[in-house]
Amino acid sequence: MTRDFHITGADVLWHGAITDKALSVAGGLLTEAPAGVRIDLPGTLILPGIVDPHGDGFERHLAPRRGALPDLGDALAMVGAELAANGITTAMLAQFYSWEGGMRGPAFAARMLAAHAAQVADQPVDMRVQLRLETHLLDDFAAFDALAAQYDVGYVVFNDHIPHAALDKGKRPPRLTGQALKSGRSPEAHLAFLKSLHARKSEVPAALDGLIAALSGRGVLLGSHDDATARDREVWRARGVGISEFPETTDAAESAEKAGEAIVLGGPNVVRGGSHAGKVSAEGLIARGLCRALASDYHYPAPRQAAWKLAATMGLPAAWALVSEGPAGMLGLADRGRLAAGLRADFIVVDPANGRPLATFAAGRPAWLGPRVAQALLAGWGRPGALSPSAR
């Protein structure tokens, strides 16, 4: 159900600038003229809803402990609640399709997509799925393409996490036993499987070309993950893969930027002040203009926290665009990412003292409410003459 309303007393990031105009919502869209009932929220700040282009923080809900997989419908409902509480109104759930097995294996990916499709319309925010394909899983390419088509997956990213350097030297890869346990294989069987995938690396380019042609033909967005060099990015560009997720070096990021390609960096990298894996600093790349979008990566509070931190040096409008307008544009979602008349009413109300969410609205509907905003909504909608709920 939706109601028409307008919020007064707040500062609003409207059309890229802070203003004290009322924020008005009618039929789930933003409007210029005040509509519906008045909601008073003095001393608050209203910002565009966060668009998260890549996050796998949902994994802890879907598999809180190894072997303890809950009902995926319930788990995804909890993911929606966490996203909304962190101001994320559009989220790409980055689901692995990997040789790692377990909740990152092909069977789990199919199960997750089915659970997502069954309840996506009932989520408080717009939750979508990105599939992350391991490039050497050659025998699964046809099944992967069929699964992506069945569930209309709109974003695919290519990973290669095989420990090629260790295997080339005949060494036992690090973390082998832990990975084997997650996959349900013995360490010996897991090592043999990795060696078999590694041995077919010469077949990968041609197989990728065929898969990419099929995905591109359906309009699927394509990205590469962890580009280490400018040459890596050039190779993916030649294949028609135009998004660079988490480039590991300045050279790789500069290659993408010079070609006009979108660069996605991790919000946690900004919040931490550097990469946990010792890679390039996201904050340093942002200072050089080498970032289109910040992602939650593995921690849903991170986009908001990162933007708030960056606002101290680059100003709030520019910093917030990295978690709203930038990723929305990259994903082809022209109806969101900004606060302007005619766009979806996706926004968050925050405490200007610390940037923490007080409420989140998606398509004009309350997705998550803290006590203060809940009380204000009840007061506004309880006034004499308040409009009755309209059909969703």
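The following exchange introduces this predicted model through questions and answers.

Trainee: What kind of model is this, and what pLDDT do local features need?
Mentor: Residues are numbered from 1 along each chain as its sequence is written, and side-chain values use heavy atoms, with hydrogens and water left out. The model is predicted, with totals for chains, interfaces and linings using all residues, side-chain atom pairs counting only at pLDDT 80 or more, and local features needing pLDDT of at least 70.

Trainee: How many helices and strands are there in the protein?
Mentor: Helices (H or I, at least four residues) and strands (E, at least two) are DSSP runs, numbered from the N terminus. On that basis the protein has 16 helices and 18 strands.

Trainee: What radius of gyration does the protein have?
Mentor: The radius of gyration is taken over C-alpha atoms, and the globule rule is 2.2 Å times the number of residues to the power 0.38. The C-alpha atoms fill a box of roughly 75 × 45 × 35 Å along the principal axes. For 392 residues, a compact globule would have a radius near 21 Å, and the protein agrees with this at 22 Å.

Trainee: What percentage of the 392 residues of the protein count as buried?
Mentor: Buried means under 20% relative accessible area, exposed over 50%, and partly exposed in between (1.4 Å probe, protein chains only). By this criterion, the buried portion of the 392 residues is 51%.

Trainee: Among contacts between residues at least 6 apart in sequence, what percentage join residues at least 24 apart?
Mentor: Contact means heavy atoms within 4.5 Å. Among contacts in the protein between residues at least 6 apart in sequence, the share that joins residues at least 24 apart is 67%.

Trainee: Which strands pair with S9 in the parallel sense?
Mentor: Two strands pair if DSSP finds at least two bridges between them. Strand S9 (residues 88–97) has ten of its ten residues buried. Four bridges join S9 to strand S8 (residues 50–55) in parallel, with Asp 52 opposite Ala 91. Eight bridges join S9 in the parallel sense to strand S10 (residues 126–134), where Met 92 has Arg 128 as its bridge partner, and the partners of S9 are thus S8 and S10.

Trainee: Through which helix does the chain cross from S9 to S10?
Mentor: A crossover is right-handed if, with the strands pointing away from the viewer, the path from the first strand over the helix to the second runs clockwise. The β-α-β crossover from S9 to S10 is right-handed, and the helix on its path is H3.

Trainee: Is Gln 119 buried or exposed?
Mentor: Gln 119 lies in helix H3 (residues 106–119). Leaving aside neighbours within four places in sequence, Gln 119 is in contact with Gly 73, Asp 74, Leu 76 and Ala 77. Because its relative accessibility is 17%, Gln 119 counts as buried.

Trainee: Why do the buried residues of H7 lie on the same side of the helix?
Mentor: Helix H7 (residues 187–199) has 13 residues and reaches 18 Å from its first C-alpha to its last, close to the 18 Å expected at 1.5 Å a residue; the expected span is 1.5 Å times one less than the number of residues. Its buried residues are His 190, Leu 191, Leu 194, Leu 197 and His 198. The arc is that of the directions from the helix axis to the C-beta atoms. These residues lie on the same side of H7 because they cover an arc of only 125°.

Trainee: Which helices are included in what covers the buried residues of H7?
Mentor: Glu 188 and Ala 199 are exposed on the other side of H7. The cover of its buried residues includes helix H5 (164–168) and helix H6 (176–183).

Trainee: Which strands do the buried residues of H16 pack against?
Mentor: In helix H16 (residues 371–381), the residues Val 373, Ala 376, Leu 377 and Gly 380 are buried. They cover an arc of only 100° around the axis, which puts them on the same side of H16. The face turned away carries the exposed residues Pro 371, Gln 375 and Leu 378. The buried residues pack against S6 (37–40), S16 (347–350), S17 (357–362) and S18 (365–369).

Trainee: Which residue stands opposite Pro 48 in S16?
Mentor: Four bridges join S7 to S16, which run antiparallel. Opposite Pro 48 in S16 stands Phe 347.
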